[in-house]
Each structure stands twice: as structure tokens, then as C-alpha cells.
Amino acid sequence: MCGITACVTAAADRGDDGDVVDVLLGGLRNLEYRGYDSAGVATTAGDGVTVVKREGGIDELAEAVGVVEPTGRAGVGHTRWSTHGAPTDANAHPHTDCANRVAVVHNGIIENYQSLREELAADGHSFTSETDTEVVPHLVAEALADGATPDGALRAAADRLEGSFALAMVVRGHDAVYAARQGSPLVVGVADGRRFLASDVPSFLQHTRDVVYLEDGDVVRATGDGHEVTDRSGRPVDRPVESVDWQAEDAERDGFDHYMLKEIHEQPAALERAVNGRVSADGDVHLEDFPPGSFADVSDVQFVACGTSYHASLYARQLLAERGVPAQVFSAGEYATTPAPVDEDTLVVAVTQSGETADTLQSVRRAAADGARTLAVTNVVGSTAARECDDALFIRAGPEIGVAATKTFSSQVAALSLLVERLTGDVTGTAGEHRDDLLRALDRLPSDVQQILDQSGPAGLADRFRDREGHFFIGRGVGFPVALEGALKFKEITYEHAEGFAAGELKHGPLALVTPDTPVFAVFTGRHDEKTLHNVEEVQSRGAEVVGIASEASADVAATVDEFLPIPDTHPAAAGVLANVQLQLVSYHVADLLGRSIDKPRNLAKSVTVE
Ligand code: M6R
């Protein structure tokens, strides 16, 4: 949802030219998953600010940069996911004031931009874009004209804005970058003689792993020699430098055709990390911040999440239900406006890969304001969710660049399975009769996933499913969220129609859509498979071809379905993760055959930081 990046160097003192343009382009490439409809950079050198921006992706921008050849030791960059105004050159960021003295990039939404724009226009400012962002450089210019310093001017501008923003700017004549944060993510990267600013750490991961996570209300002035963080009134605030344990290579494609395929193949390692050290040899769950008894007071569990994280939450709810612990799952977009009642014994679990999804953050803020205890289950240490919730459980999947969530779903389910164990033990006072089997299955998940990846099953099927009227995914128990997730992945990257249903629900309406031209993917987990087989027969008798994803030992399923994608035989609670890997591969190969933009599907962005 827009990525911003910035870099400033102290190279003059070190004897090289310290030009930041290549660093900015590299930083933008690493952030392209956040938005990819237009992009731009601005640098300041001597008495000028040079802006280059283009509709399209970073390749188009790099081409334009090659022609204009901007230089500078301080610069900002942006890759856009449009909210206000079409993806055109004019609407691309950075935006400048009338005198081209200030260039600003922005992630977020400025809600009161119309009234500010009218006010500024009445004062003689002219605008060249339809964006909400463009008011910012004009507000900054006004404050500079009144004698403010650049950081003071940014503070003054930020005070006028309503909505959410991460802003970064350069100002003519200053070898510095300035930034402000309110409601949208922004981190500082700290390296010798250089400072970086970005929406997300992968932007500068090849340069440094030392980061400063900014808080709402923070304003930064960074030079090559250091950075100062102040609050909106200009008082210094202390933000520690932390070291992230992600490696630069984690955010690279590593010889795979797409990040998505790489991330599908990273699942064994990611699952290993999710579970590693969290289950002891004697079969006990050790969740670092959650010793036994941590959830003893919990009387009500509510999950809030979006998209794939919503499906992982449904999976966790099913696991809890099987253990006799009721829980509810809410789409965060709904919960944010229509929250469920909570009290201090309610545990609200925000499941969010990025930790920055606006709807999810809004939901936990509402719940916290009403007295609930909040827990973030997230991939990103230092994310807003991790910092704002009372507690955080990290899924340890490593950076995920493909817009389609793959390894993070598996890691979410693994981490949530352990959380379920802890919750069940605390809430019911019993470990549950099949706990040991489940923990053993979790331990085996990495090798079971590897076994699937070593086969080439779905690749050979892709051609059969490319030009169909629709694609249905069905499952029950944990197979139901997997069916939803399979359909989401399929539609997201193939752009073909796909829907997921609870297997038993088909006959209550969706069956009317089933024809010989609507293949059905049926997920079997080893629990109530005979019922799902009835549902398969129902669709087969309407002429639909069925792809069954089930244990390699399921002779009944293999004999009934038209195509069989086997998974290693395991505990039903873990089988869903394995079936999901097969479905990820189906979607990937169909999308690849159709020539889709797999890592950056149209209209989507990785991190949805607007409501
Ligand atoms: O970062 P989050 O987990 O909060 O993101 C939630 C959804 O936007 C995300 O899962 C989205 O549905 C994925 N692109 C699906 O592949």
C-alpha cells in the first residue's frame, strides 16, 4: 500500500560522491510488493531538487532516471498503490511545492486534504495532481516561508493533517531527509555514514540490519552522520536501535522465477523456525512469553484478521473448538466498525503477517479501548501490531515479498496451533487427549511439506484448469479454511473466478453453479472424509471434475476423484497445512501458464495500510 524509502549519506566527508539514486532505486525494488502502479524519486543536490517519476513500475522509473540522471546525497523514493487519483505521471510521488523547493513522498491517506487544498489554493498555491499528498509540500513551504527549519516545517504540516501518514521529504539546500509518522509504518536504517528510511525493513536490508522503529507522532531529521527523533512539539525522544535477524538473501529471489515459488519452497525452513524450541522433548509447549497459566483468566477468544490471516484464524478456531474452547473469528474490516462486546477477560488475537493492516490495527485498538487483552500473532518484529498489542507471538517465517501470502499461512497455523495448546491447557485445565499426536505432527510438518515439494503433482495439472468458467474449493473442519485459502490464492494470482465453500454448504445454493466446466478441488484432512466424499459425488453427478487432496493412504478418495494430489499421512489438524501447499502449487502453475503477474497481482498490494 505504497512504499516509501529515503537515504542520506555523509560521503562528502568520506571522499566518494555518495550519490543515493541507485540506493533509492534498489530500495524501491525491494518495496515494490507494497504498490506498483507508478514510482518516483527526488534528490537534492546544491541548490536544486530533482524529481523523476513515472506511471508503471521501477523498471520504467529506472529508464527515466537513466535519461534525467538526477544526483544527490539525500533523496526520497516512492512506489505507489493508488488511492486518490489514477496511476499517472502527474499523480506519482514525489510531490513538490510551487517553487520546487520541497519534495515529499507519502504512504497513507490524508482525510482532510480537500479543505486544505482549497485553503492553500486561496492563498495562491497551485496543484498539479489529484492526490491527497500534494497538500503536504505546500504546507511545508508555507512554514518554511514563515522561517521554520525543515523539521519544524514538517511538524507544522503534520499538525494540520488528519488521517494516516508516513512522510519523507527532502528540501533544497539541505543534505538531510526528514520524516514523520502517524498511523503508517516507518523505520530508520542505521549504517556507518548513512541513514535510510523506509516503510519496511527489506527496503534497506542489504545495507544494514540495525533499525529504529518509529512511533506515531515521531518526526525525524536524518543526515549521513546521525539522526534525531523528536515528538511533534520538537522535544527529543529516545528510540532504541534494534537488530533484525532477517538476512538480505531472505528478501531475494534466489534463482526462482517468482518470489511466490521461492516462498512456497521456503515453507519447510519457515515451519522449522515456527516450531523450533517451542516444543520440548517431553512434549511440552514452551511459548517464550507465555508460560503455563498465561491465559488462565481468558473467558472469551476473538480473532481479528483479513485475507489469508483470516483463514489462518478460522483454522485456529477449528482447533480450539475441537478442544472444547469456543472462539470467534471476525473479519477485521467488519470488527473495526461493528466490534463484538469484550471485557478484561476477552483475549483479542490480531493475526497479521505484516502487523500493519489498517483494519486489523483498528480492530485491536477498539478492543483495547474497551478493556480487552490483545495479542498480535505476526511475522514482523517491530510492526505496529507487535508494539501496540499487550503481547506478541512471532511466526518467524522470514520476509515474504510475494503479494500472495504462502509461507506465512503455514507459519501462522503452526504458531497458532501452539497457542491453541497453551490456551486449551490454561482454559480447560487439561492437555487434551490427542495433544502428543498433534505435537508430533507439527514436528514432522517441515519434512512432510518437503515431500510434497519434491513431487511435481500440480505442475502437470495446470493446463486442465486454465480456461474454465469457475473453480470451486471445498473442505470441512480445518479443510474449510484451507478451501477458502485455496480459492483466495487462485483468484488472486490467476484472475480467474474461484470460490471456497464448506463442503456441506454446496447443496444449499452453490451447487446450482456446478457444471462440467467448473472443476472442484476437495480438501480431505482425515476427519469426516466420508461426508466430503458424498459432496464429491454430488458435484461429479453434475459433471464436474474433482481434484482430491488427501492423505496418500486414502484409497477411497484416490479411487473416487478424477485427479488425486496426495499428501503425507498425518494428524488431521496438520493435514490442512499440507493440503494448502498442494493448492498453492496449483494456483502458482495455473497463473504461470496464463502469464499473470504472480508476485504483483493487479490491483493488490502486500500490506493494506488503509481502511
Ligand atoms: O499482513 P496481513 O496478514 O494483515 O494481511 C492481510 C491480507 O491483506 C493478506 O493476507 C492478503 O489477503 C494476501 N495478499 C492474500 O494472499
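**Exercises around a ligand**

**Exercise 1.** Which backbone and side-chain atoms sit within polar-contact range (N or O pairs within 3.5 Å) of the ligand's oxygen atoms? Start with the distance from a polar backbone atom of alanine 405 to a ligand oxygen.

*Solution.* Step one: that alanine 405 distance comes out at 2.9 Å. Step two: go to the side chains, where an N or O atom of threonine 357 is 2.4 Å from a ligand oxygen. Threonine 352 also puts a polar side-chain atom 2.7 Å from an oxygen of the ligand. Step three: check the cover; on its own the ligand exposes 420 Å², and the protein buries 91% of that (Shrake-Rupley, 1.4 Å probe).

A word on the input: this is a predicted model, with local features needing pLDDT of at least 70 and side-chain atom pairs pLDDT 80 or more, while totals for chains, interfaces and linings use all residues. Numbering runs from 1 along each chain as its sequence is written, and side-chain values use heavy atoms, without hydrogens or water.

**Exercise 2.** Work out where the ligand lies relative to domain 2 and domain 3.

*Solution.* Begin with the shell: it splits into 5 nonpolar, 7 polar and 2 charged residues. Next, look at the domains (automatic or database assignment): domain 2 (258–454) and domain 3 (456–611) both contribute to the shell, so the ligand lies between them.

**Exercise 3.** Track down the backbone oddities at proline 94 and histidine 528.

*Solution.* First, the baseline: most peptide bonds are trans, and most non-glycine residues have a negative phi. Now the bond between histidine 93 and proline 94: it's cis, with omega about 0°. Proline 94 is in the loop between strands E4 (74–80) and E5 (95–96). Finally, histidine 528 isn't a glycine, yet its phi is positive, about 60°.

Note on methods: Polar contact = N/O pair within 3.5 Å; in protein donor to acceptor, adjacent residues only side chain to side chain. Nonpolar A, V, L, I, M, F, W, Y, C, P; charged D, E, K, R; others polar. Helix = DSSP H or I, 4+ residues; strand = E, 2+ residues; numbered from the N terminus.
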